[in-house]
Number of protein chains: 2
Amino acid sequence: MRLILNSPLDMHLHLRDGDMLKNVAKFSAKDFAGALIMPNLLPPITDIKSLLAYKKRIFEAVREENFTPHMTLFFKSDYTADFLEKAKPYIAAIKLYPNGVTTNSEGGIEQIDTKRLSPVFEAMSELDIPLCVHGETNGFVMDREREFCAIYEQLAASFPKLTIIMEHITTKECVKLLEKHENLHATITLHHLLITLDDVMGGLLNPHLFCKPIAKRYEDKEALLEAALNAHKKVMFGSDSAPHLVSKKECCGCAAGIFSAPIALSALAELFEKHGKLTNLQTFVSDNARDIYKLIPINKPIVLEKKEWIVPAKFDDVVPMFASQTLKWKVKSRLN
Amino acid sequence: MRLILNSPLDMHLHLRDGDMLKNVAKFSAKDFAGALIMPNLLPPITDIKSLLAYKKRIFEAVREENFTPHMTLFFKSDYTADFLEKAKPYIAAIKLYPNGVTTNSEGGIEQIDTKRLSPVFEAMSELDIPLCVHGETNGFVMDREREFCAIYEQLAASFPKLTIIMEHITTKECVKLLEKHENLHATITLHHLLITLDDVMGGLLNPHLFCKPIAKRYEDKEALLEAALNAHKKVMFGSDSAPHLVSKKECCGCAAGIFSAPIALSALAELFEKHGKLTNLQTFVSDNARDIYKLIPINKPIVLEKKEWIVPAKFDDVVPMFASQTLKWKVKSRLN
């Protein structure tokens, strides 16, 4: 049995830099036609020169693979309309991080004051540059996203022409917001479709499933599944694949992030098939993103075969999701 | 400045066995007059012979220290009145674990059916043997204790003469139950007075603060603090100090448990002083336990000095709570 996905897209991806970039980029480049590349490097990508240099390093890392990195800038409150107009041809979106809420989000926005920030949002609306948002407050870890909903609503209502993407949503409240505001969209990760906080710390503590936003309750996972499996027009796949060396995961201060890129399509196919929704996977992993981002991906059919394979325990020094476990679908021509 | 605590008691302590017992027992034995020793070894302590043999190993481990291990049996549904009568002189309590909810709780009770288990509870009531309970269901990790409240209520109402201790409570709901049922009491750990889930996983993930029941919300911590700081007559200190080798903490499947024994009194003194409640510490760490358990501890004054010290990074291969951090009170004659 085979499944062909036309030009799958990963609309939320961390490729990092340096050696890590060289080690992980190939996995996304092999399975996807393109990906939205997160800008939270150290320092973050806030100018065109750095962005283009990073893009070049990504191309070097993916080598001969046919893969489009859709670049993003790290949102700054002082971006001018003039700068944004110049940046527009090079970027697919701008990513807003509240200060300090996740890996390398220092230098993010202290307070999301729609009035103070309106010049940037107005210019982005005019130029049709989507705004991607890491939507968490600095509150209690289980409440951070829920609390952020008020800010999503304020943004959506204040800038109705701005395309806003609620990144890696994890709560039923965010799913509901999709119906309420036309300009709100969302990415959903693989892991938030599969795990709850019980999987992270209900038994033994599994640092490899520790991510931000943290996985929530069963009813939250159900709401995300409902939207993804039915290929809700306003949701897209974004892996939020975020590699960390095993030494940064199995340690005292474990970094947040799940490395899912190498197994994302396989696990998605298994999940959608299990729920009898395999025919909706194309829409979730590609078509919706084309509509929301108004992008035309390169033509890149990806063939998956129904064939069990065991996920390696590590890729270099990074432990992937489903490490050493068996998956039922395999991307054809995967070399491992 | 000095503080003298008369015969402090730790009413919930894991001393483990073998090398670990030899390494950790001395810390409790030095600072406390006695402790209630948890029976969840592998296999659990369910007969008098094993219990006395374990007690002997504890005495060997504490050597010349003047310290009383108050022994407990692991609750089994088939304990007879005859067996309990024979056991009574050797035990301070019986500890009930629901099956599979924490470290070495396999072989615990599948379903706490008060009717089916009533012969044991009735016999314990008659013999005045306290029942200590690990009160968690198998539900969602944040709800497990809250869900268990119904079982606590049923136990308390069905066996009004049975002294029931809700172990290591973590929620405001359990604090409220203390007022509702005369025969419900509770132990509170040091860590649940200090941390919430935010400290475990709000920033980087800290496996050394991962414990069962997991730390909950701010309002839960506040309710616990209110009871402990005011030396509520129905609450006692129980550290739930639970050592694991660093290799079992900083790893892929991290074991639940915080090793607080070596710093418990120091950190409690700092906490109670910070809240202007230092005069209540004696009641919390000793007097209430004497009343609830009707025990007379050995006479062992413990002197603490207001003197900063840095907690070692490790004791052998076990990382303690507050590792490498500074505490303001020091138990006198501590050698490190």
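I started at one residue pair: A:Glu305 has A:Lys330 as its bridge partner, and that partner sits in β11(A). Note to self: this is a predicted model.

**The strand pair.** Next I looked up strand β10 of chain A, which covers residues 301-310. I found it pairing with β11(A) in the antiparallel sense, over five bridges.

**The sheet.** Which strands make up the open sheet, and in what order? I read off three strands of chain A in the order β1-β10-β11, with antiparallel pairing. Then I checked the edges: β1 (2-6) and β11 (326-331) of chain A stand there. Each has a single partner strand, so one side of each is left without a neighbour in the sheet. I also noted the twist: on average, neighbouring strands of this sheet are turned by 35° against each other, direction ignored.

**The helix across it.** What lies across β1, β10 and β11 of chain A? I got helix α11 of chain A, residues 264-274. It runs at about 115° to β11(A).

**The two copies.** After that I turned to chain B. I can lay chain B on chain A with an RMSD of 0.0 Å, using a turn of 180° and a shift of 0.0 Å along the axis. The two copies are thus related as by a two-fold rotation axis.

Which residue of chain B comes closest to the rotation axis? I found B:Glu250, with its C-alpha at 2.5 Å.

**Where they meet.** Last lookup: 100% of the interface residues of chain B are also interface residues in chain A, so the copies meet through the same surface.

Note on methods: Residues numbered from 1 in each chain as written. Chains lettered and ligands numbered in written order. Predicted model: local features only at pLDDT ≥ 70, side-chain atom pairs only at ≥ 80, totals over all residues. Least-squares fit on C-alpha atoms with pLDDT ≥ 70 in both. Contact = placed C-beta atoms within 7 Å. Pairing = 2+ DSSP bridges. Helix = DSSP H or I, 4+ residues; strand = E, 2+ residues; numbered from the N terminus. Axes fitted to C-alpha atoms, helices over the stretch in contact; angles between N-to-C directions.
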